[in-house]
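Please take the reader through this model from its open spaces inward to its packed core, its charged pairs and its unusual backbone positions.

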Amino acid sequence: MASTNALPDVSTVFEIPEFLPQFVAGNRSRAIACGLDPYEYDRVTATDPETLAEWPAAFRRVGEGYVRVGERCAASGYEVSAGEAFRTAARWLHCATFPPAADHAGTIVAARAADAAMRRAFAYLDPGAVRIEGEGFAGWLRRPVDAALPPRVVVVAPGLNSGKEEFHAVDEALLRRGLAVFSFDGPQGVLVDTAPRADYHRVVSRVIDALDARADLDTRGGVGLIGLSLGGFYALLTAAHEPRVAAVVAVSGPYRLDWPQLPLFVRETLTVRTGSRAAAKEFTRHIDLTGIADRIDAPLRVVEGGEDITPGVVPAAHVTHDAPEAEILLIPHGDHLLCNTRAAWLPDTGDWLTDRLGW
């Protein structure tokens with residue numbers, strides 16, 4: 001389990017006042033892509049947190065305010081407004097978890113609150129959504145409305161500190177194309193109190209086991225898999241080990257991480273999430289597809305942003321040297337997760353997955 005106490009080998013980088021503006025600017029497109037109103041994001045980040053350590057509490061206050069709005073709407077019988085307010089609350093509460101805090105307890109509280117708010121949102125906005133949990137994962141299965149036949153399904157795997165509440169635009173793009181979607185946490189999001197693991201493909205295989213057991217899905221030809229950020233590595237790792245992956249997409253994922261070259265902020269994020277600097281170094285050592293990527297025989301698309309450059313991160317595009325059916329979609333002006341240019345990659349990638357799954 002990741003420690004909930006302050007870690008002695010984490011520096012004070014999170015407390016440096018001048019670091020906050022960099023973090024605010026660097027996460028603006030991510031927060032907006034997550035569903036936050038850009039004007040409200042700008043207002044909150046300009047007036048509330050004075051250091052990065054105060055970010056989680058500031059975002060939690062906004063999220064909790066939207067929970068109260070949702071409750072008032074529900075009490076008045078305005079169910080659509082209630083669902084929308086709870087969904088907005090979930091997004092703000094999730095964004096409260098963006099910065100790693102050496103005291104991890106607040107992150108855990110925010111992540112669980114985001115999960116609870118999303119559950120309440122689905123009760124109004126998508127009552128057919130099904131909660132599925134298993135060893136090391138928890139998420140929501142959503143199916144296209146009025147599907148005549150059991151649909152094919154795509155698994156959405158988030159990264160180190162993202163979560164299922166962050167990628168609703170991806171889910172919705174696939175649902176509109178007639179595909180079912182299972183977005184899950186593990187270990188992040190609602191399971192952020194568990195340390196990340198390098199053998200994540202074992203978790204994804206258990207997810208596929210759970211989906212295979214359902215009569216309301218068509219998994220006979222395999223499942224689609226899309227991974228975002230570190231989830232892109234996890235998706236590629238799973239495709240190398242799991243024959244039930246019929247098509248795989250990696251968005252802004254790493255091929256390899258090199259600890260000494262990683263920026264301090266990334267190293268400290270990994271330290272907080274794994275529980276110690278030694279554990280973070282060991283975890284990083286295993287984030288490497290060398291000698292593994294050539295086992296991927298499913299159709300593969302790597303989506304990269306040309307402006308997504310981080311020292312110590314060898315991008316997943318390197319996998320095209322190894323995997324026989326790999327292709328790259330490079331958006332030159334794209335940032336990390338291509339949050340600033342979603343229209344340039346998401347519709348086309350949704351079509352790509354739909355075609356490969358034969359839907």
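Helices and strands are named here as DSSP runs, helices having at least four residues and strands at least two, and they are numbered from the N terminus. The model is a predicted one, and what follows should be read with that in mind.

The largest pocket is a convenient place to begin, and its volume comes to about 1100 Å³. Its lining is made up of 37 residues, of which Ser 229, Val 266, Asp 308, Thr 310 and His 336 are the closest to the centre. Several elements take part in this lining with at least two residues each, namely helix H1 (19-26), H2, strand S7 (254-257), helix H10 (264-274), strand S8 (300-305) and strand S9 (313-315). Sorted by class, the lining of the largest pocket consists of 17 nonpolar, 14 polar and six charged residues.

Enclosed space is found as well, since a program that follows a probe can also detect places from which the probe cannot get out. The structure has three cavities of 30 Å³ or more, and the second largest cavity has a volume of about 110 Å³. Thirteen is the number of residues lining this second largest cavity, and Ala 33, Phe 167, Leu 337, Cys 339 and Arg 342 are those closest to its centre. Helix H2 (28-34) and helix H7 (168-176) each contribute at least two residues to the lining of the second largest cavity, and H2 gives the most, with three residues. H2 thus also returns from the largest pocket, to whose lining it supplies at least two residues. The lining of the second largest cavity contains 10 nonpolar and three charged residues, but no polar ones.From these spaces the view can turn to the packed interior. In soluble globular proteins, nonpolar side chains tend to be buried together. In the present model, the largest nonpolar core has 50 residues, and Leu 141, Phe 182, Phe 184, Leu 211, Leu 289 and Val 319 are the members that touch the most other members. Helix H9 (residues 230-241) gives the most to this core, with eight residues. Val 319 shows how such a position is surrounded: leaving aside residues up to four places away in sequence, Val 319 touches Tyr 255, Ala 293, Ile 296, Leu 300 and Val 302. Another core, of 27 residues, lies apart from the largest one, and its members include Val 154, Val 156, Leu 175 and Ile 226.

Charged side chains add a further layer to the picture, with 26 salt bridges found in a search of the whole structure. One of these joins Arg 43 to Glu 40, with the closest N and O atoms 3.4 Å apart. Both residues of this pair, Arg 43 and Glu 40, belong to helix H3 (residues 38-47), where they are three residues apart, or about one turn of the helix. The two partners are in unlike surroundings, for Arg 43 is partly exposed at 48% relative accessibility, whereas Glu 40 is buried with a relative accessible area of 14%.

A second salt bridge, between the side chains of Arg 142 and Glu 172, has an N to O distance of 3.0 Å. Because Arg 142 lies in strand S2 (residues 137-142) and Glu 172 in helix H7, this pair ties together parts that are 30 residues apart in sequence. Is each partner buried or partly exposed? Arg 142 is buried, its relative accessible area being 9%, while Glu 172, at 27% relative accessibility, counts as partly exposed. In the salt bridge between Asp 216 and Arg 214, the closest N and O atoms are 2.9 Å apart. Here Asp 216 is partly exposed at 22% relative accessibility, and Arg 214 is likewise partly exposed at 24%. Salt bridges also link residues into a network, which comprises Asp 115, Arg 131, Glu 133, Lys 164, Glu 165 and Asp 185.

Two serines deserve a look for their backbone geometry. Ser 229 is not a glycine, yet its phi is positive, at about 60°. Ser 229 lies in the loop between strand S5 (223-228) and H9, and it is one of the residues closest to the centre of the largest pocket. With a relative accessibility of 18%, Ser 229 counts as buried, because the limit for that class is under 20%. Ser 252, also not a glycine, has a positive phi of about 55°. The loop that holds Ser 252 runs between strand S6 (245-251) and S7, and Ser 252 counts as buried at 4% relative accessibility.

Definitions and conventions. Residues numbered from 1 in each chain as written. Predicted model: local features only at pLDDT ≥ 70, side-chain atom pairs only at ≥ 80, totals over all residues. Heavy atoms only, no water. 1 Å grid on protein atoms, 1.4 Å probe; cavity = no way out; pocket = protein on both sides within 12 Å on 5 of 7 lines; lining within 4 Å. Points joined across faces, edges and corners; volume = space filled by probe spheres on them. Nonpolar A, V, L, I, M, F, W, Y, C, P; charged D, E, K, R; others polar. Salt bridge = Lys/Arg side-chain N within 4 Å of Asp/Glu carboxyl O. Buried < 20%, exposed > 50% of the residue type's maximum accessible area, 1.4 Å probe, protein only. Core = buried A, V, L, I, M, F, W, Y, C linked by side-chain atoms within 4.5 Å. Contact = heavy atoms within 4.5 Å.
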